[in-house]
Amino acid sequence: MELREAMRACLRCPALVRTRACVVPGDGAARATVAFVGIAPGRFGGDRTGVPFSGDRSGDLLRRMIRESGLRRVFITNLVRCNPRDELGRNRDPRGDEIANCRDYLTAELAIVRPRIVACLGRMAWRELAGKSAPFDPRNPIPVAARSLVLYPMFHPGYAIRGAYSERLYRGDFVRLASLAASAGGR
Ligand code: URA
């Protein structure tokens, strides 16, 4: 079965199957220089649009930062492909078992788009991909080499939206990422 079809038919996480409006596969360049990995589609964003980081403030900010930095060949995805909700219907973080259930979809997406750099948006994505012992410090990023690609720590756009990090500094982080992508042979 084609990967997107398999994801859309996925029933691995009963709690997510119950509340999701749709499954949200990764989206972007067929061959990407940079893949961005967030947490999970938001209830006002990807869960409505079917596209990760779209239709909500996090998505708008991420996509604007990408555009303004000059990055072109990007792929955007998440640790999990369904929107996790708490008992009041609000966004919640995905549980460890939900992240584990979705891991092979992420691995398969990355194997197809073959990014040189995987930018982990937030500590949760970073810990999952780089491991707990790798320092998460997007202000002074220490990339981690992983087989054919490099893992790169960045703040989640939600962090800047909450006012915990300035948009000016966030833009600088994307410019630095774009330079790294250019030196890795692409943008
Ligand atoms: N939208 C996404 O697709 N992922 C996030 O982590 C947040 C918003």
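## Pockets, a cavity and a bound ligand

Helix 5 gives the most to the lining of the second largest pocket, with five residues. The model examined here is predicted. About 440 Å³ of space lies in this second largest pocket. Its lining comprises 17 residues. Those nearest the centre of the second largest pocket are T107, L110, A146, R147 and L149. At least two lining residues come from each of helix 5, helix 6, strand 5 (144–146) and strand 6 (149–154). By class, the lining of the second largest pocket has 11 nonpolar, two polar and four charged residues.

Helix 5 also takes part in lining a cavity. A search of the whole structure finds one cavity of 30 Å³ or more. The volume of this largest cavity is about 110 Å³. Sixteen residues line the largest cavity. C10, C13, R20, C82 and C102 lie nearest its centre. Two elements, helix 2 (14–19) and helix 5 (96–113), give two or more residues to the lining of the largest cavity. The largest share, four residues, comes from helix 5. The class count for the lining of the largest cavity is 11 nonpolar, one polar and four charged residues.

The largest pocket holds about 700 Å³ of space. It is lined by 30 residues. Of these, I39, S58, H156, G158 and R162 are the closest to the centre of the largest pocket. Helix 4 (57–69), helix 6 (123–130) and helix 7 (157–161) are the elements that give two or more residues to its lining. Helix 7 gives the most, with three residues. By class, the lining of the largest pocket has 12 nonpolar, 11 polar and seven charged residues. Helix 6 thus appears in the lining of the largest pocket and in that of the second largest pocket.

The ligand sits in the largest pocket. The residues around the ligand include a run of G38, I39, A40, P41 and G42. P52, F53 and D56 also belong to this shell. N78 and H156 complete the list. By class, the shell has five nonpolar, four polar and one charged residues. The charged residue is D56. I39 and H156 are found around the ligand, and both are among the residues closest to the centre of the largest pocket.

Three polar atom pairs between ligand and protein can be described. An oxygen atom of the ligand is 2.9 Å from a polar backbone atom of I39. A nitrogen atom of the ligand is 2.9 Å from a polar backbone atom of A40. The side chain of N78 has an N or O atom 2.8 Å from a nitrogen atom of the ligand. I39 and A40 thus approach the ligand through backbone atoms, whereas N78 does so through its side chain. Taken alone, the ligand exposes 240 Å². The protein buries 93% of that area.

Terms used
Residues are numbered from 1 along each chain as its sequence is written. This is a predicted model: local features need pLDDT of at least 70, side-chain atom pairs count only at pLDDT 80 or more; totals for chains, interfaces and linings use all residues. Side-chain values use heavy atoms; hydrogens and water are left out. A residue is near a molecule or strand if one of its heavy atoms lies within 4 Å of it. A polar contact is a pair of N or O atoms within 3.5 Å; within protein, one must be able to donate a hydrogen and the other to accept it, and residues adjacent in sequence count only if both atoms are side-chain atoms. Accessible areas come from the Shrake-Rupley method with a 1.4 Å probe; for residues, only the protein chains shown count as cover. On a 1 Å grid over the protein atoms alone, a cavity is a set of points where a 1.4 Å probe fits but cannot get out, and a pocket is an open set with protein on both sides within 12 Å along at least five of seven lines; lining residues have an atom within 4 Å of a point. A molecule sits in a cavity or pocket if more than half of its atoms lie within 2 Å of its grid points. Grid points are joined across faces, edges and corners, and a volume is the space filled by probe spheres set on the points.
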